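Ready for a little practice at reading a fold? Have the model open beside you and try each task before you look at its solution.

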Amino acid sequence: MEWTTVEAADGAKLSVRIFKPAAPVEEAEDVAVVLVHHYTILGGVQGLLRGMAQGLAQRGHRAVTFDMRGAGRSTGRASLTGSSEVEDVVAVCRWVADTLKPRAVLLVGSSAGAPIAGSAVDKVDQVVGYVSIGYPFGLMASILFGRHHDAILKSEKPKLFIMGTKDGFTSVKQLQNKLKSAAGRVDTDLIEGAGHFQMEGPAFDAQMLVASGLRDN
């Protein structure tokens with residue numbers, strides 16, 4: 001595990017952590033995974049994704065977590081709607097592409113990190129796919145994050161939406177209705193009986209890795 005700092009376009013300094021596999025990565029399997037944490041204003045920090053990142057490294061993938069602006073060790077101020085944080089995701093993905101030089105980058109967003117990551121998918125050519133864990137598509141959440149919906153729904157890049165059937169922010173029907181208009185390949189994985197905040201907890205880390213299709217190399 002290594003730490004570094006990446007600077008966003010507006011000068012915000014982002015604290016970044018890289019989790020590396022014990023063995024060298026085969027070029028054909030070299031997909032780096034960038035994970036975007038939950039809503040900063042409600043306490044979201046990269047440490048909440050440590051379990052998933054460690055699991056990815058154990059499966060032979062390089063994984064990268066980071067604190068968005070205003071979170072953890074990063075500078076800057078968090079925005080209410082996640083608009084400024086999109087550029088944080090872009091900066092980290094470009095740094096990963098240019099510095100780690102993987103074959104491709106997979107972008108994973110959890111909770112409010114899902115719409116923020118979704119708005120960055122088509123801003124970085126090396127990002128080849130997207131995984132959402134608990135995307136907040138519901139009516140109340142859309143007041144804050146509705147501006148992000150179009151970006152991921154119009155993207156032609158393959159995307160996977162993982163959600164608990166008891167998610168308090170988005171119902172299964174709301175998810176299905178939203179995805180009817182989505183471009184490109186779209187897959188869903190519904191976790192029976194799981195609530196929104198349950199899926200953010202460490203008890204579900206292993207299940208999230210399986211659901212996302214990130215198998216052992």
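Below are four exercises with worked solutions on this predicted model.

**Exercise 1. Work out the strand order of the open sheet and name its edge strands.**

Start with the order: the 8 strands of the open sheet run S1-S2-S4-S3-S5-S6-S7-S8, and their pairing is mixed. Next, look for strands that pair on one side only; these are S1 (2-7) and S8 (186-191), the edge strands. Finally, consider the twist: neighbouring strands of this sheet are turned by 20° against each other on average, direction ignored.

**Exercise 2. Follow the pairing from S5 to S6, from S6 to S7 and from S7 to S8, and find bridge partners along the way.**

Begin with S5 (104-110). S5 and S6 run parallel and are joined by 6 bridges. Here valine 108 has valine 131 in S6 as its bridge partner. Between these strands the chain passes through H3, making a right-handed β-α-β crossover.

Move on to S6 and S7, a parallel pair with 4 bridges. Valine 131 turns up again, this time with leucine 160 in S7 as its bridge partner.

The last step takes you to S7 (residues 159-164) and S8, which pair in the parallel sense over 6 bridges. In this pair, methionine 163 stands opposite leucine 190 in S8.

**Exercise 3. Find which strands H2 and H3 touch, and how many residues of S6 are buried.**

Take H2 (83-100). H2 packs on the sheet and touches S1, S2 (13-19), S3 (31-36), S4 (63-66), S5 and S6 (127-133), with its direction at about 145° to that of S4. Then turn to H3 (113-120). H3 also packs on the sheet, touching S3, S5 and S6, and its direction makes about 150° with that of S5. Now check the cover on S6: 6 of its 7 residues are buried, leaving this strand mostly covered.

**Exercise 4. Lysine 101 has a positive phi, and serine 111 has a positive phi. Where does each one sit, and is it buried or exposed?**

First, lysine 101: its phi is about 55° although it is not a glycine. Lysine 101 lies in the loop between H2 and S5. Its relative accessibility is 60%, and the cut-off for exposed is over 50%, so lysine 101 counts as exposed.

Second, serine 111: its phi is also positive, about 55°, and it is not a glycine. The place to look is the loop between S5 and H3. Serine 111 has a relative accessible area of 9%, and buried means under 20%, so serine 111 is buried.

Conventions. Residues numbered from 1 in each chain as written. Predicted model: local features only at pLDDT ≥ 70, side-chain atom pairs only at ≥ 80, totals over all residues. Heavy atoms only, no water. Helix = DSSP H or I, 4+ residues; strand = E, 2+ residues; numbered from the N terminus. Buried < 20%, exposed > 50% of the residue type's maximum accessible area, 1.4 Å probe, protein only. Pairing = 2+ DSSP bridges. Axes fitted to C-alpha atoms, helices over the stretch in contact; angles between N-to-C directions. Contact = heavy atoms within 4.5 Å. Right-handed = clockwise from strand over helix to strand, strands pointing away.
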